[in-house]
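Hi,

Here's the structure I said I'd pass along. Have a look at it first, and then read on for my notes.

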Amino acid sequence: MQTVTARRVGGPVRVALVVAAAATLAAAFAAGTAGGAERSWSAYLAPAGACSGAQDAAAAPLVQKRAIRCLVNWARAQDSRRRLAPSRALRHAAALKGQKVATCNQFSHTPCNADVTAAVRASGYRFSMFGENLFAGTSGSASAREVVAAWLRSPSHRATLLHPEFQDFGAARVEAPNLLGSRASIVWVTAFAAPG
């Protein structure tokens, strides 16, 4: 798993990439540290019913995207982090990354050896910091709440989701036939960034 990587882009501009590898529903229970206090991942998970449609694995993709954003912002509020604003450009970047994962049939932040920031750059979002989380599953098998719970269980994914400098957010759910050996595979991509 990758967590934080710093690199220079175009001379003096420093870009911090916060990238976490993919989470699965089988992720083990992990206690983590956020905001200096030892907390269980479950302390960041919104209670059932807090976010509309979050528990319905068969909900329409738009309902699931809204639920993901609600759940992410609920988790951030538990650490007094700012709410993330929805970004059309980051939503587009997330969709581009998901499509690349599906096309390459590679569950990776760098499918077909693409640069990790290629999708966000193609979206036109000018960033100083960028991060993303991925999730793969079978269509209809995981609700938005279960997807976010999987990220929260993983310390590196949770760190990305709670990063205090992020300001904007975009999510996409992309059909990825055969990614998991199933014609009904899907991939969720969430993109987090701060403008630069």
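Below is what turned up when I went through it, topic by topic.

One thing before anything else: this is a predicted model, so please read everything below with that in mind.

**The strands around E8**

I'd start with strand E8, which covers residues 185-195. Most of it is covered up, with 10 of its 11 residues buried. On one hand E8 pairs with E6: the two run antiparallel and are joined by 11 bridges. If you want a spot to look at in that pairing, try glycine 131, whose bridge partner in E8 is phenylalanine 192. E8 also pairs with E7, again antiparallel, through eight bridges. There, aspartate 168 has alanine 193 of E8 as its bridge partner.

**Glycine 137**

Next, find glycine 137 in strand E6, the stretch from 127 to 138. Is it buried or exposed? Its relative accessibility is 8%, so glycine 137 counts as buried. What does it touch, once you leave out neighbours within four places in sequence? The contacts are Leu180, Ala184, Ser185 and Ile186. Valine 187 is worth a glance here too: it sits 50 residues away from glycine 137 along the chain, yet their C-alpha atoms are separated by 6.5 Å.

**Two nonpolar cores**

A bit of background: in soluble globular proteins, nonpolar side chains tend to be buried together. In this model the largest nonpolar core has 31 residues. Ile68, Trp151, Leu152, Leu161 and Trp188 are the ones with the most contacts inside that core. At least two residues of it come from each of these elements: helices H1 (61-77), H4 (144-153) and H5 (155-162), and strands E6, E7 (168-175) and E8. H4 gives the largest share, seven residues.

Leucine 152 is a handy place to zoom in. Setting aside its neighbours within four places in sequence, leucine 152 is in contact with Trp41, Tyr44, Leu45, Ala75, Arg158 and Leu161.

Apart from the core that holds leucine 152, there is another one, made of 20 residues. Ala95, Phe127, Phe130 and Val174 are among its members.

**Aromatic rings**

How many aromatic pairs does a search of the whole structure find? It finds three. One of them joins phenylalanine 166 and phenylalanine 192, and that pair is stacked, with 5.8 Å from centre to centre and 25 degrees between the planes. Phenylalanine 166 is in the loop between H5 and E7 while phenylalanine 192 is in strand E8, so the pair ties together parts that are 26 residues apart in sequence. Phenylalanine 166 is buried, at 0% relative accessible area, and phenylalanine 192 is buried with 0% as well.

Phenylalanine 192 also pairs with phenylalanine 169. Here the ring centres are 5.3 Å apart and the planes meet at 55 degrees, so this pair is tilted. It links distant parts of the chain too, with phenylalanine 169 in strand E7 and phenylalanine 192 in strand E8, 23 residues apart. Both phenylalanine 169 and phenylalanine 192 are buried. Put together, Phe166, Phe169 and Phe192 make up one aromatic cluster.

There's one more ring to look at: tryptophan 41, which has the charged end of arginine 153 sitting over it, 4.6 Å from the ring centre.

**Salt bridges**

The structure holds two salt bridges. In one, glutamate 132 pairs with lysine 97, and the closest N and O atoms are 2.6 Å apart. Glutamate 132 belongs to strand E6 and lysine 97 to helix H2 (residues 88-104), so this salt bridge ties together parts that are 35 residues apart in sequence. Glutamate 132 is buried at 2% relative accessible area, and lysine 97, at 4%, counts as buried too.

The other salt bridge is between arginine 173 and glutamate 175, with 3.1 Å between the closest N and O atoms. Are its two ends buried or exposed? Arginine 173 is buried, with a relative accessible area of 18%. Glutamate 175, at 43% relative accessibility, counts as partly exposed.

That's the tour. Shout if you'd like to go through any of it together.

Cheers

Terms used. Residues numbered from 1 in each chain as written. Predicted model: local features only at pLDDT ≥ 70, side-chain atom pairs only at ≥ 80, totals over all residues. Heavy atoms only, no water. Helix = DSSP H or I, 4+ residues; strand = E, 2+ residues; numbered from the N terminus. Buried < 20%, exposed > 50% of the residue type's maximum accessible area, 1.4 Å probe, protein only. Contact = heavy atoms within 4.5 Å. Core = buried A, V, L, I, M, F, W, Y, C linked by side-chain atoms within 4.5 Å. Phe/Tyr/Trp six-rings, centres within 6.5 Å; stacked < 30°, edge-to-face > 60°. Lys NZ or Arg CZ within 6 Å of the ring centre and 35° of its normal. Salt bridge = Lys/Arg side-chain N within 4 Å of Asp/Glu carboxyl O. Pairing = 2+ DSSP bridges.
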